[in-house]
Amino acid sequence: MSTFYQAAEKLDDLHVLEAGSVTTPKGYTAGGMHCGVKFKRKDLGWLYSEVPAEAAGVYTTNRFQGAPLVVTQDSIAREGKLQGIIVNSGKANTCTGEQGLQDAYEMRKTFTDSLDIKEHHAAVVSTGVIGELLPMEKINQGIQQIPSALQQNEPDHFEKAILTTDTFTKHVAVQMNIDGKTVTIGGAAKGSGMIHPNMATMLSFITTDASIDQQDLHAALKQVTDQTFNCISVDGDTSTNDMVLVLANGLAQNERLTKDHRGWESFLEGLRFVCESLAKQIARDGEGATKLIEVQVSGVESDKAARQIAKSVISSNLVKTAVHGEDPNWGRIVCSVGYSDAPLNPNDLTVSIGSVKVVENGLPLPYDEDKACEELQKEHVTLFVDFHEGTGKGNAWGCDLSYDYVRINASYRT
């Protein structure tokens, strides 16, 4: 299902790879196994670079941050580099006190000792139930098996090992030409519930073989995250363990990228495409979801204001339930635009449900309700909001809210 949102295409100098993954860039391997955190499914994944890579991360804004985030931020702060990432699913290692922090550091040390790399060159990631300690004996036994499995390179196993309530794996890769060299960016992600703008449970791992300055890599990730991952919502909940990590190992051997490099915009567009693809896949895989909803806002004073309005619409439970019920209740869209707190003039508002315009100049229009219902029956529903006032534009993505969302979350631990 995920390939629907990453179909191969050519965008100027950007080529999207139909079967691309997080290990498509040069020098990366990945894998996953079942170690016993979960009952049956894969629950331990790893990602490894042949050489230390420049690294950057963005993290949840939730004030309760999981112990793995503390350890990962400590690793990157030491030297700005990572060579490996170890991920467990099933338990989040959050609200676990000093023991949880010790366990996260122990995961890092066991992982780095097994691979014979520097301890601060590894990130630690956990996702799952909050408040339960990790089964460290099982996790350590699993980690110790990684060296023998390292050369197999099974990115699909990594993608499965990081999932919780997801219904499909999420991956993408693109290539571009920089300095006569082929530069590749790949990614994998998980996310289905507890998803809301501002780093919402969502994990994303991005790899590239580009040679790039670490500070500029961090700036690029932050900029692109604001335009993509921070513009999705499933249920309004921001998790304690969300993070996006990007590694750049330089094996493409291009001239070192900075903001002043002539290839910077190409790289930034590739990174944005990868992050947007993963963000859309997460939104479509919202717990119990049957549709991807995209909101496109234009004609406002700034891109920031446009994204603010789009996120307000996509986060509205009333909009999400109306889309699920295929009910063209445009009043819910107008309402959510109005409480976005973005500067706007209500008298300039135009709203369309797909190709069907339902509001113009802030007033309702006669429209074909059957055709509007047909637009809402699509798997990818697009809502358009335009104020015709400025050049600002922005998008946000989410999903419908179904009966299954309650069923899934009512029995999450059982």
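**Exercise 1. Find which backbone nitrogen the side chain of Asp 386 reaches, and place Asp 386 in the fold.**

Work in this predicted model.

Step 1. Start at the side chain of Asp 386. The backbone nitrogen of His 388 lies 2.9 Å from it.

Step 2. Locate the residue. Asp 386 belongs to strand β16, which spans residues 380-386.

Step 3. List its contacts, leaving out residues up to four places away in sequence. Asp 386 touches Ser 298, Gly 299, Asp 348, Leu 349 and Thr 350.

Step 4. Check one distance. Asn 361 is 25 residues from Asp 386 along the chain, and their C-alpha atoms are 9.8 Å apart.

**Exercise 2. Classify the angle between helices α8 and α10 and describe their contact.**

Step 1. Set the limits. Helix α8 covers residues 303-314 and helix α10 covers residues 330-338.

Step 2. Take the geometry. The two axes come within 8 Å and cross at roughly 135°.

Step 3. Name the class. Angles over 145 degrees count as roughly antiparallel, and 65 to 115 as roughly perpendicular. The angle here fits neither, so α8 is oblique to α10.

Step 4. Add the hand. The crossing of α8 past α10 is right-handed.

Step 5. Pick out the residues. α8 contributes Ile 309, Ser 312 and Val 313; α10 contributes Ile 333, Ser 336 and Val 337.

Step 6. Sort them. The contact has 4 nonpolar residues, 2 polar ones and no charged ones.

**Exercise 3. Decide where pLDDT stays under 50.**

Step 1. Take the whole chain. Its average pLDDT is 90, and 92% of the residues score at least 70.

Step 2. Find the exception. Over residues 1-10, pLDDT stays under 50.

Step 3. Draw the conclusion. Predicted coordinates should not be read in detail where pLDDT is low.

Note on methods: Residues are numbered from 1 along each chain as its sequence is written. This is a predicted model: local features need pLDDT of at least 70, side-chain atom pairs count only at pLDDT 80 or more; totals for chains, interfaces and linings use all residues. Side-chain values use heavy atoms; hydrogens and water are left out. pLDDT is the predictor's confidence in each residue, from 0 to 100. Contact means heavy atoms within 4.5 Å. Axes are lines fitted to C-alpha atoms, for helices over the stretch in contact, and angles run from 0 to 180 degrees between N-to-C directions. Helices (H or I, at least four residues) and strands (E, at least two) are DSSP runs, numbered from the N terminus. Angles under 35 degrees count as roughly parallel, over 145 as roughly antiparallel, 65 to 115 as roughly perpendicular and the rest as oblique. A crossing is left-handed if the near helix is turned anticlockwise from the far one by less than a right angle, and right-handed if clockwise. Ala, Val, Leu, Ile, Met, Phe, Trp, Tyr, Cys and Pro count as nonpolar, Asp, Glu, Lys and Arg as charged, and the others, Gly among them, as polar. A polar contact is a pair of N or O atoms within 3.5 Å; within protein, one must be able to donate a hydrogen and the other to accept it, and residues adjacent in sequence count only if both atoms are side-chain atoms.
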